[in-house]
Amino acid sequence: MWTRFLLKPLLTHQLAAFLLLGLSGVANAETWTQLSPIQQQALAPLAHEWNALPAKRQQHYLALAKKYTTLPPEKQAAFIERLAKWNSLTPEQRHKAREKFTHFNNVPVEKKEAVKRMIKEKETGQNSGASSSAQTPSDH
Amino acid sequence: MNNNPPPSVSKIKNLLNRSADTLDSKVLTELAATRHRVLLQLDHIKTDTSGLATLRLHAVNMQHEFRFWLGIMIVVACCFAANQGWQHFNEDHTEVDIAILTDELPIDVYVD
């Protein structure tokens, strides 16, 4: 009796309600040409693949672009430089990166600075090693 | 003990009709009047019953309508809650993502 009087009408009307609400989500997808100039500037590294992105990812990047406008110029440059790399990560990698970043932020400032210095020195050492091997003339 | 099967309905009817033919007119009139009264009472009960049935049908319809709107409200509430949760989730990620994208250290440091 409960199945007949409760579930059947509920299921029928729930389906209609879900369809309506679901369509509203689908309707949020935007093409590249629909973005404003500042949005296109912030999301320039994603221009060639923007239309293929799922609507939810687009909405997330548009939220990032909104924050982009509040950044100082040097951070805006860093944002654009790193966005393509960020987008190329898998969702699991992005999730891991967020976790690591959050944990790293909780480390005391002195330790954080020490780790940053270490990483930068390692990078500089790698860069100078690469440039010196490029400059070494061949024996033959 | 009588082991014969009970008489059928048509047989009983025939017996009653034959015995009714032997009754005098006064008894027949009384019987007819009683039958008429009983039939009237039955009609009255039927009307009452159909009234009750109509009321019951209305009650079921109202229950149906109530359950329909209750179901719609539950669905809308769930979707609203999910949307709020998604917005909160998204907002948290926005701040962290901006911080990672503008950090001094390369992204690989946080991925590897």
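## A first look at two helical chains

Chain A has 6 helices and 0 strands, and its pattern along the sequence reads α-α-α-α-α-α. What you have in front of you is a predicted model, so please read every value below as computed from that model. Chain B has 3 helices and 0 strands, which follow one another in the pattern α-α-α.

Here is how the chains look side by side.

| Chain | Helices and strands | Buried residues |
|---|---|---|
| Chain A | 6 helices, 0 strands | 25% of 140 residues |
| Chain B | 3 helices, 0 strands | 17% of 112 residues |

One further number helps with chain A. Among its contacts with a separation of 6 or more, 44% are between residues 24 or more positions apart.

### A pair of helices in chain A

A good place to start exploring is helix H3 of chain A, residues 55–68, together with helix H4 of chain A, residues 73–88. Their axes are 11 Å apart, and the two helices pack at an angle of about 165 degrees. Because angles over 145 degrees count as roughly antiparallel, H3(A) is roughly antiparallel to H4(A). The crossing of H3(A) and H4(A) is right-handed.

Which residues meet here? From H3(A) come A:Arg57, A:Tyr61, A:Leu64 and A:Tyr68, and they meet A:Gln76, A:Phe79, A:Ile80, A:Leu83, A:Trp86 and A:Asn87 in H4(A). Sorted by class, the contact of H3(A) with H4(A) has 7 nonpolar, 2 polar and 1 charged residues.

### Two buried residues to find

Now look at the loop between H3 and H4 of chain A, where you will find A:Leu71. Is A:Leu71 buried or exposed? Its relative accessibility is 15%, so A:Leu71 counts as buried, the limit being under 20%. Apart from neighbours within four places in sequence, A:Leu71 is in contact with A:Gln76 and A:Phe79, and also with B:Ile98 and B:Thr102 of the other chain. A:Gln76 and A:Phe79 are also among the H4(A) residues that meet H3(A).

A second residue worth finding is A:Phe104, in helix H5 of chain A, which covers residues 91–105. With a relative accessible area of 14%, A:Phe104 is buried. What does A:Phe104 touch, once neighbours within four places in sequence are left aside? In chain A its contacts are A:Lys112, A:Val115 and A:Lys116, while in chain B they are B:Leu105 and B:Tyr110. A:Val115 is 11 residues from A:Phe104 in sequence, and the C-alpha atoms of the two are 9.8 Å apart in space.

### The cysteines of chain B

How many disulfides are there over all chains? The count comes to 0, where a disulfide would need two cysteine sulfur atoms within 2.5 Å. B:Cys78 is in no disulfide, and the nearest cysteine sulfur, that of B:Cys79, is 6.8 Å away. Likewise, B:Cys79 is in no disulfide, with the sulfur of B:Cys78 as the nearest cysteine sulfur at 6.8 Å. B:Cys78 has a relative accessible area of 47%, so B:Cys78 is partly exposed.

Technical notes. Residues are numbered from 1 along each chain as its sequence is written. Chains are lettered from A and ligands numbered from 1 in the order in which they are written. This is a predicted model: local features need pLDDT of at least 70, side-chain atom pairs count only at pLDDT 80 or more; totals for chains, interfaces and linings use all residues. Side-chain values use heavy atoms; hydrogens and water are left out. Buried means under 20% relative accessible area, exposed over 50%, partly exposed in between (1.4 Å probe, protein chains only). Axes are lines fitted to C-alpha atoms, for helices over the stretch in contact, and angles run from 0 to 180 degrees between N-to-C directions. Helices (H or I, at least four residues) and strands (E, at least two) are DSSP runs, numbered from the N terminus. Angles under 35 degrees count as roughly parallel, over 145 as roughly antiparallel, 65 to 115 as roughly perpendicular and the rest as oblique. A crossing is left-handed if the near helix is turned anticlockwise from the far one by less than a right angle, and right-handed if clockwise. Contact means heavy atoms within 4.5 Å. Ala, Val, Leu, Ile, Met, Phe, Trp, Tyr, Cys and Pro count as nonpolar, Asp, Glu, Lys and Arg as charged, and the others, Gly among them, as polar.
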